[in-house]
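Student: I should like a close look at one part of this structure, together with its surroundings. Please take me through it step by step.

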Amino acid sequence: MKYLNLKFGITLTVLLMLMLGTGKSVFSQQAGKWVAPEDASKVTNPYAGDEQVTKDGETLFVQLCLVCHGKKGKGDGIGGMSLNPRPSNFTKSAVQDQSDGALYWKITTGRPPMAAYETVLNDEQRWSLVNYIRKFKKD
Ligand code: HEC
């Protein structure tokens with residue numbers, strides 16, 4: 001009986017460890033800071049300062065991004081309330097200090113729970129969103 005209990009105990013421990021192990025990869029989807037590759041960060045924005053493109057970015061933002069990132073870009077959109085990690089706050093220097101190329105790369109490739117927009121939006125549209133994200137910069 002004693003032996004059985006011990007065996008059961010070990011089995012239970014192993015099971016628990018397995019559950020914890022898989023739990024890690026399933027629940028904390030991608031731990032750690034999201035950093036764009038150096039090459040991508042160096043890419044320059046062909047539409048920098050183009051106000052018409054920025055306006056188009058605003059339209060797209062309202063249609064596709066506002067739900068999570070919020071009207072004022074603070075990451076407080078209703079669709080992002082229960083996400084982990086929470087949507088980024090575009091008014092913060094953590095975002096604004098990144099290069100246009102880095103933000104463009106993140107919009108292009110995504111990271112769960114945010115989708116990749118590479119096939120959904122063309123190059124100009126993705127740059128237009130970078131332009132618009134700059135509007136949330138605190139002066
Ligand atoms: C389903 C909710 C959701 C939608 C819709 C969404 N995002 Fe995000 N976004 C997130 C989350 C969550 C993160 C943080 C991801 C992380 O840190 O791993 C994020 C991060 C970002 C970042 C990186 C900022 C940083 O912290 O470095 C950018 C740029 C971005 N989003 C732009 C956009 C744009 C542009 C759109 C619309 C085309 C959009 N997002 C739509 C949820 C969303």
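Tutor: In this predicted model, a suitable starting point is the nonpolar surface patch of about 320 Å² that Val67, Ile78 and Met81 make. Val67 belongs to helix H3, which covers residues 51-69. Its relative accessibility is 42%, and Val67 therefore counts as partly exposed, since that class lies between the limits of 20% and 50%.

Helix H3 also leads to the metal site. The iron atom of the ligand has His69 (NE2) and Met114 (SD) as its protein donors, at 2.0 to 2.1 Å. Because His69 lies in helix H3 and Met114 in the loop between helix H5 (100-109) and helix H6 (123-134), this pair ties together parts that are 45 residues apart in sequence. The site has six donor atoms with angles of 84 to 180 degrees among them, and its geometry is octahedral. His69 is buried, at a relative accessible area of 9%, whereas Met114 is partly exposed at 25%.

The helices on either side of that loop are themselves joined by a salt bridge between Arg134 and Asp100, whose closest N and O atoms are 2.8 Å apart. Arg134 lies in helix H6 and Asp100 in helix H5, so the pair ties together parts that are 34 residues apart in sequence. Arg134 is partly exposed at 24% relative accessibility; Asp100, at 19%, counts as buried.

Within helix H6, Arg126 and Asp123 are three residues apart, about one turn of the helix, and their side chains meet in a salt bridge of 2.9 Å, N to O. Arg126 is buried at 5% relative accessibility, while Asp123 is partly exposed at 45%.

Terms used: Residues are numbered from 1 along each chain as its sequence is written. This is a predicted model: local features need pLDDT of at least 70, side-chain atom pairs count only at pLDDT 80 or more; totals for chains, interfaces and linings use all residues. Side-chain values use heavy atoms; hydrogens and water are left out. Patches are made of residues with over 30% relative accessible area and no salt bridge: like charges are joined within 9 Å, nonpolar side chains (Val, Leu, Ile, Met, Phe, Trp, Tyr) within 5 Å. Accessible areas come from the Shrake-Rupley method with a 1.4 Å probe; for residues, only the protein chains shown count as cover. A salt bridge is a side-chain nitrogen of Lys or Arg within 4 Å of a carboxyl oxygen of Asp or Glu. Helices (H or I, at least four residues) and strands (E, at least two) are DSSP runs, numbered from the N terminus. Buried means under 20% relative accessible area, exposed over 50%, partly exposed in between (1.4 Å probe, protein chains only). Donors are N, O and S atoms within 2.8 Å of the metal (3.2 Å for Na, K and Ca); water is not among the atoms, so sites may look incomplete. Four donors count as tetrahedral if all angles lie between 85 and 135 degrees; four count as square planar and six as octahedral if opposite donors are over 155 degrees apart and all others between 65 and 115; anything else is irregular.
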